[in-house]
Each structure stands twice: as C-alpha cells, then as structure tokens.
Amino acid sequence: MTVTDGDGPGAGYRVEVTAKTFLHGLPLFPDRLDPAAGVDDMLVGLLPGESAVFHVTGAVLENPSALGTRPVLRRVNESVDG
C-alpha cells in the first residue's frame with residue numbers, strides 16, 4: 001500500500017493497494033480520519049498481484065499514511081462487529 005498526494009493542488013490523496021492474496025470487498029473509509037473526506041470507489045475485489053487505486057478528496061491529513069491502517073483500510077468482513 002502506498003499513499004501519495006493526488007494530481008494537482010488540493011487534489012487530496014492517491015491510495016494504491018496491491019493484493020498479496022485474494023481480496024473480496026476491500027473498502028476505504030477516509031471519513032474515519034476526516035469527516036469531510038470522500039473516496040471514489042468502494043468494495044474493490046483484487047486477485048493476488050493486482051492493484052487498485054482509491055482517490056481520496058476533501059481531506060486534510062497530518063499523517064496521510066494513516067489511510068492505509070485499520071480501521072480506515074480493511075477487508076469488508078472486518079467491518080462487521082461481533
């Protein structure tokens with residue numbers, strides 16, 4: 001997983017995830033870090049070696065690498081309590 005600045009000023013962040021194993025339903029919840037944040041895609045499925053890019057907008061983060069940590073980035077079955 002890598003986090004970089006988006007393309008152009010004020011463009012947010014680019015989060016690229018590469019799967020080591022099969023990932024079914026990979027969501028990104030940037031609003032956990034900044035309530036104004038949004039993401040362009042949700043519930044991405046990846047095979048081993050495949051990559052997906054999420055574009056996060058509306059967020060101003062002190063630590064953008066936190067976009068790749070739990071509970072912001074996780075598998076969908078980790079989203080359900082209990």
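**Figure 1. Arg14 and His55 face each other across two strands.** In this predicted model, Arg14 stands opposite His55 in β6. The two strands, β2 and β6, run antiparallel and are joined by 6 bridges. Further pairs mark the same ladder of strands β2 and β6. Tyr13 stands opposite Val56 in β6. Thr18 stands opposite Ser51, also in β6.

**Figure 2. Arg14 and Glu16 form a salt bridge.** Their side chains meet at 3.3 Å, N to O. How many salt bridges does a search of the whole structure find? The search finds 1. Arg14 is partly exposed, with a relative accessible area of 27%. Glu16 is also partly exposed, at 25% relative accessibility. Side chains of opposite charge can pair when their charged atoms come close. Glu16 has a strand partner as well: in β2, Glu16 is the bridge partner of Thr2.

**Figure 3. β2 has a covered face and an uncovered face.** Tyr13, Val15 and Val17 make up the covered face of β2. Arg14, Glu16 and Thr18 lie on the uncovered one. In a regular strand the side chains alternate between the two faces of the sheet. β2 spans residues 13-18. In the protein chain, confidence is highest in β2, at a mean of 95, and lowest in β3, at 90.

**Figure 4. β6 also has two faces.** Which residues of β6 are on its covered face? They are Ala52, Phe54 and Val56. The uncovered face holds Ser51, Val53, His55 and Thr57. Tyr13, on the covered face of β2, stands opposite Val56, on the covered face of β6. Arg14, on the uncovered face of β2, stands opposite His55, on the uncovered face of β6.

**Figure 5. Four strands make an open sheet.** The strand order is β1-β2-β6-β4, with antiparallel pairing. β1 and β4 are the edge strands, each pairing on one side only. Strand β1, residues 2-5, is joined to β2 by 4 bridges. At the other edge, 2 bridges join β4 to β6. There, Gly38 stands opposite Thr57 in β6.

**Figure 6. The largest nonpolar core holds 18 residues.** Which of its members touch the most others? They are Leu46, Phe54 and Val56. Four elements give two or more residues each to this core: β2, β3 (23-26), β5 (44-46) and β6 (51-57). Phe54 and Val56 both belong to the covered face of β6.

**Figure 7. Val56 has contacts from several parts of the chain.** Neighbours within four places in sequence are left aside here. Val56 is in contact with Ala11, Gly12, Tyr13 and Val15, among others. Its contacts also include Leu28, Pro30, Ala37, Gly38, Val39 and Leu67. Two of these names return from earlier views: Tyr13 stands opposite Val56, and Gly38 stands opposite Thr57.

**Figure 8. Asp34 is buried without a salt bridge.** Asp34 is found in the loop between β3 and β4 (38-39). Where is the nearest side chain of opposite charge? It belongs to Arg32, 12 Å away. A salt bridge needs a nitrogen-to-oxygen distance within 4 Å, so Arg32 and Asp34 do not make one. Asp34 does have contacts beyond its neighbours within four places in sequence: Gly58, Ala59, Val60 and Leu61.

**Figure 9. Met42 sits in the loop between β4 and β5**. Is Met42 buried, exposed or partly exposed? At 34% relative accessibility, Met42 counts as partly exposed. Not counting residues up to four places away in sequence, Met42 touches Leu26, Pro27, Leu28 and Phe29. The C-alpha atoms of Met42 and Val76 are separated by 10.0 Å. Along the chain, Met42 and Val76 are 34 residues apart.

**Figure 10. The whole chain sets the close-ups in context.** The protein chain has 0 helices and 6 strands. Of its 82 residues, 32% count as buried. Consider contacts between residues at least 6 apart in sequence: 57% of them join residues at least 24 apart. The mean pLDDT of the chain is 88. A pLDDT of 70 or more is reached by 89% of the residues.

Conventions:
Residues are numbered from 1 along each chain as its sequence is written. This is a predicted model: local features need pLDDT of at least 70, side-chain atom pairs count only at pLDDT 80 or more; totals for chains, interfaces and linings use all residues. Side-chain values use heavy atoms; hydrogens and water are left out. A nonpolar core is a set of buried Ala, Val, Leu, Ile, Met, Phe, Trp, Tyr and Cys residues joined through side-chain atoms within 4.5 Å. Buried means under 20% relative accessible area, exposed over 50%, partly exposed in between (1.4 Å probe, protein chains only). Contact means heavy atoms within 4.5 Å. Lys and Arg count as positive and Asp and Glu as negative; His and the chain ends are not counted. pLDDT is the predictor's confidence in each residue, from 0 to 100. Two strands pair if DSSP finds at least two bridges between them.
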